[in-house]
Number of protein chains: 2
Amino acid sequence: MERPALSLGPPRAERADAARNRRHLLATARTMLAENGGADTLTMDALAERAGLGKGTVFRRFGTRAGIFQALLEDDEHDFQLQVIAGLPPLGPGAPPLERLIAYGRARIAFLIDHREIARASLDGSQPVPAGTESPLSRTHIRMLLAHLRLENTDLDMLAVQLTAALDGPLLLYMSSADLTEPTTTDKRMAHAWQNLIERVCRP
Amino acid sequence: MERPALSLGPPRAERADAARNRRHLLATARTMLAENGGADTLTMDALAERAGLGKGTVFRRFGTRAGIFQALLEDDEHDFQLQVIAGLPPLGPGAPPLERLIAYGRARIAFLIDHREIARASLDGSQPVPAGTESPLSRTHIRMLLAHLRLENTDLDMLAVQLTAALDGPLLLYMSSADLTEPTTTDKRMAHAWQNLIERVCRP
DNA sequence: AGCATAAACGGACTTTACCCCGATTCGTAT
DNA sequence: ATACGAATCGGGGTAAAGTCCGTTTATGCT
């Protein structure tokens, strides 16, 4: 049987060897990150060699250097997403939207501080934050919670983008690693500021 | 007379030839950007050759590829800054802080849409948004205006960073150029959303 | 099982950002 | 005017990202 010519849907599942190599590469990357220090010392050549694969394979799998870090991040984001979608309130469903929004910000800030190095390295510069990682969950989730709040005269999509930026931007763009010598303090301060911002924005 | 050994302050003015070359390089870069299309087709080699200078000079002047775009942006920002600091209200001084804040956002959005390509290219990725360009004016200015509003129980510094991110983030990080096929529309929509955000945040 | 086809692999090749250091030029104090 | 020190220039050199294409391998069909 021939595939319908115009079928959309997932173009085709990844081949088994490809999937295995992807996992292997990600694992190797993590190892290397743990051994050497900075994310910026991880080179594609080194990764390929260490994994015992060709460089072409690495690029075929991840497209770009940033792509590797995007994949790592996505991977780490997975159970974070689970908690948001199906975990306990107030992060998961069940709590009132305002509380969920606050809890989401708090959790996301913690996550980003934890993963700041990978998150930074996942930015490409020459292109917007890619679909599939980072924002989409944030943006969509925030947007959904905002919708429940029935704000009046509001461009929800834009507000969601703005709040996503207010949440991610500081850590992705503006704060130097020097500002994070005391991650715990920063975490608390940012979480608090987020709560304030949300309460101000959403107050009737 | 010898300079005091521990003097801080500007380490020394740029030498005349260096300054001339800097200007020349920036001008050449602009020309090339205007001729070829994208910012990503501007290579350091090409710039050096076109300017009739050595590659080393280019790097000495700007440090990094992103540095060139930062310099271009800073250059363009100069009269924008003038209007903010000494121009007519409501952008310049004289208007009530809330109105200035709204006007500032509106102006910055327009500026960023105008300069989106250079602004994007000026991001480094491996380091936070550099001092001297972009944020500092935004952050400082926003922070100053917020201070006039006497918000209660507020971490002004954090709020300023958040709002800066809400202002710059969408254009720097999240919006694809596809979203900007109709810059005028986007501009209006974002300006409106900014006004809404600010009014919500600053309402007593 | 055997085959056809599309996907994945590998590694040499190209391009480009960035470094280095000897040669040169500017600015200043005499 | 001149000489000296310091900053700048130049362009060849290095390393790392990303591309290409001939070869190999998985997968679905008969």
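Angles between helix axes run from 0 to 180 degrees between N-to-C directions, the axes being lines fitted to C-alpha atoms, for helices over the stretch in contact; angles under 35 degrees count as roughly parallel, over 145 as roughly antiparallel, 65 to 115 as roughly perpendicular and the rest as oblique. This is a predicted model, in which local features need pLDDT of at least 70, side-chain atom pairs count only at pLDDT 80 or more, and totals for chains, interfaces and linings use all residues. Residues are numbered from 1 along each chain as its sequence is written, while chains are lettered from A and ligands numbered from 1 in the order in which they are written.

**Exercise 1.** Classify the crossing of helix 9 of chain A and helix 9 of chain B.

Solution. Helices (H or I, at least four residues) are DSSP runs, numbered from the N terminus. Step one: the axes of helix 9 of chain A and helix 9 (residues 183–202) of chain B come within 7 Å and cross at roughly 100 degrees. Step two: the two helices are therefore roughly perpendicular to each other. Step three: A:L197, A:R200 and A:V201 meet B:L197, B:R200 and B:V201 in this contact (C-beta atoms, placed from the backbone, within 7 Å). Step four: four of these residues are nonpolar, none is polar and two are charged. Here Ala, Val, Leu, Ile, Met, Phe, Trp, Tyr, Cys and Pro count as nonpolar, Asp, Glu, Lys and Arg as charged, and the others, Gly among them, as polar.

**Exercise 2.** Describe the side of chain A that touches chain B.

Solution. Step one: chain A and chain B each bring 31 residues to the contact. Step two: on the chain A side, helix 8 (156–174) and helix 9 (183–202) give two or more residues. Step three: helix 8 of chain A gives the most, with eleven residues. Step four: by class, this side has 16 nonpolar, ten polar and five charged residues.

**Exercise 3.** Find which residues are closest to DNA strand C and which helix gives the most to the surface near DNA strand D.

Solution. A residue is near a strand if its C-beta atom, placed from the backbone, lies within 6 Å of it. Step one: DNA strand C is surrounded by 25 residues, the closest being A:G54, A:G56, B:A16, B:T43 and B:R65. Step two: helix 3 of chain A supplies the largest share of that surface, five residues. Step three: around DNA strand D there are 25 residues, with A:A16, A:M44, B:L53, B:G54 and B:G56 closest. Step four: helix 3 of chain B gives the most there, with five residues. Step five: six nonpolar, seven polar and twelve charged residues make up the surface near DNA strand D.

Key:
Two residues are in contact if their C-beta atoms, placed from the backbone, lie within 7 Å.
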